[in-house]
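Take a look at the protein below. This report walks through its charged pairs, its aromatic rings and two residues within it.

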Amino acid sequence: MQPRNMSMSGVVDLAAVKSAQEAKAKAEQARAEAARQGGGGAVSPSSLVIDVSEADFERDVLQRSAEVPVVIDFWAEWCEPCKQLSPLLERLAAEYNGRFVLAKIDVDANQMLMQQFGVQGIPAVFAVVAGQALPLFQGAAPEDQIRGTLDQLIQVGEERFGLTGIAVDSDAEDAAPVVETPAGPHDALLEAAVQALDAGDLAGAVQAYKNVLSDDPANTEAKLGLGQAELLQRVQGLDPQAVRRDAAEKPGDVAAQIAAADLDLVGGHVEDAFGRLVDTVARSAGDDRTAARVRLLELFEVVGADDPRVSTARTALARVLF
């Protein structure tokens, strides 16, 4: 996925935000209240990167943004560009040492937040400063550009809202006891599959997931992992420009549409991938129609049956089939 910058040339000018002064006042009030309650102390380095859900968004993002800019990374496990961007953002969060906090939001588990921010594709990066939401950039971007955007964000936070960041104590790592969970019968194979994925050994990952499913056909984690690994294996080595050109020039070429749908999904354009295949099923017949339908069902498995986009696409598929 090529970066589609929402604001890479510079953070949104907060002078144009009508409620900026009100947000600043609220930020100052929140910091004062935190100080009265004994908050605002040094945090551990691990607290600079947090997983956020809809349930704790107000506390961990909105309220926290009165103390420090909160950068939001919208990601998903199946999103290949996310696997490049997220570790970079985590490294920068540690390097900036409390100048911003990184909040990671899994879009598959937090559809409402994704919709509220108007996320069209992932990875997508936003920020919240004193309760003000700012779009930063979308897609994988070069590190120097990301640094420039973060520097502007921090400058805005300091100059307009007085956010100077939070203190970090490198010796204050959380000392919560580690509770070991008994290993399941397929944990070793699942771990082997994940390690193979991380190493780029897609064939090895596919085989490891298949080994789990041969003993436990209903294993949800293995089914999801297998679909993701097979998808990545299919798009590996493809020329995205050539695939998209063929799909645009040959709307009746089912193989071209299937390949383009795979690229759509890997790039985070879930609805585009589903819509493309539903349309292909509608205008094809025989083996071609079956191939498009089967690939669509496979992509449903990659995204997950609980995703509302899957439900919508299943309804659309039923309409064209029956």
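How many salt bridges does the structure hold? The structure holds 15 salt bridges. A salt bridge here is a side-chain nitrogen of Lys or Arg within 4 Å of a carboxyl oxygen of Asp or Glu.

This is a predicted model, in which local features need pLDDT of at least 70, side-chain atom pairs count only at pLDDT 80 or more, and totals for chains, interfaces and linings use all residues. Residues are numbered from 1 along each chain as its sequence is written, and side-chain values use heavy atoms, with hydrogens and water left out.

**Salt bridges**

Among the salt bridges are these three.

| Pair | N to O distance | Places |
|---|---|---|
| Glu90 and Lys104 | 3.3 Å | helix H3 (residues 82-96) and strand S3 (residues 101-106) |
| Arg234 and Glu298 | 4.0 Å | helix H8 (residues 220-235) and helix H12 (residues 286-303) |
| Arg244 and Asp264 | 2.8 Å | helix H9 (residues 240-249) and helix H10 (residues 254-266) |

Helices (H or I, at least four residues) and strands (E, at least two) are DSSP runs, numbered from the N terminus.

Take Glu90 and Lys104. Their salt bridge links distant parts of the chain, 14 residues apart. Next come Arg234 and Glu298. One sits in helix H8 and the other in helix H12, so the pair ties together parts that are 64 residues apart in sequence. Arg244 and Asp264 are 20 residues apart.

How open are these side chains? Three terms are needed: buried means under 20% relative accessible area, exposed means over 50%, and partly exposed lies in between (1.4 Å probe, protein chains only). Glu90 is partly exposed at 32%, whereas Lys104 is buried at 10%. Arg234 is partly exposed at 25%. Glu298 is partly exposed too, at 32%. Arg244 is partly exposed at 35%, but Asp264 is buried at 4%.

Some salt bridges share partners. They join Arg91, Glu95, Glu143 and Arg147 into one network.

**Aromatic rings**

How many aromatic pairs are there? The count comes to 6. Rings of Phe, Tyr and Trp (its six-membered ring) pair if their centres lie within 6.5 Å; planes under 30 degrees apart count as stacked, over 60 as edge-to-face and the rest as tilted.

One pair is Phe74 and Phe126. Their ring centres are 5.8 Å apart and their planes stand at 85 degrees, so the pair is edge-to-face. Phe74 lies in strand S2 (residues 70-75) and Phe126 in strand S4 (residues 124-129), so the pair ties together parts that are 52 residues apart in sequence. Both residues are buried. Ring pairs also link Phe57, Phe74, Phe117 and Phe126 into a cluster.

Lys104 returns here. It lies over the face of Trp75, at 5.2 Å from the ring centre. A charge sits over a ring if NZ of Lys or CZ of Arg is within 6 Å of the ring centre and within 35 degrees of the ring normal.

**Two single residues**

Phe137 is found in strand S5 (residues 132-138). Phe137 is buried, at 2% relative accessibility. Its C-alpha atom is 7.0 Å from that of Phe126, and the two residues are 11 residues apart along the chain.

Asp60 is found in helix H2 (residues 57-63). Asp60 is buried, with a relative accessible area of 14%. Leaving aside neighbours within four places in sequence, Asp60 is in contact (heavy atoms within 4.5 Å) with Ile50 and Val52.
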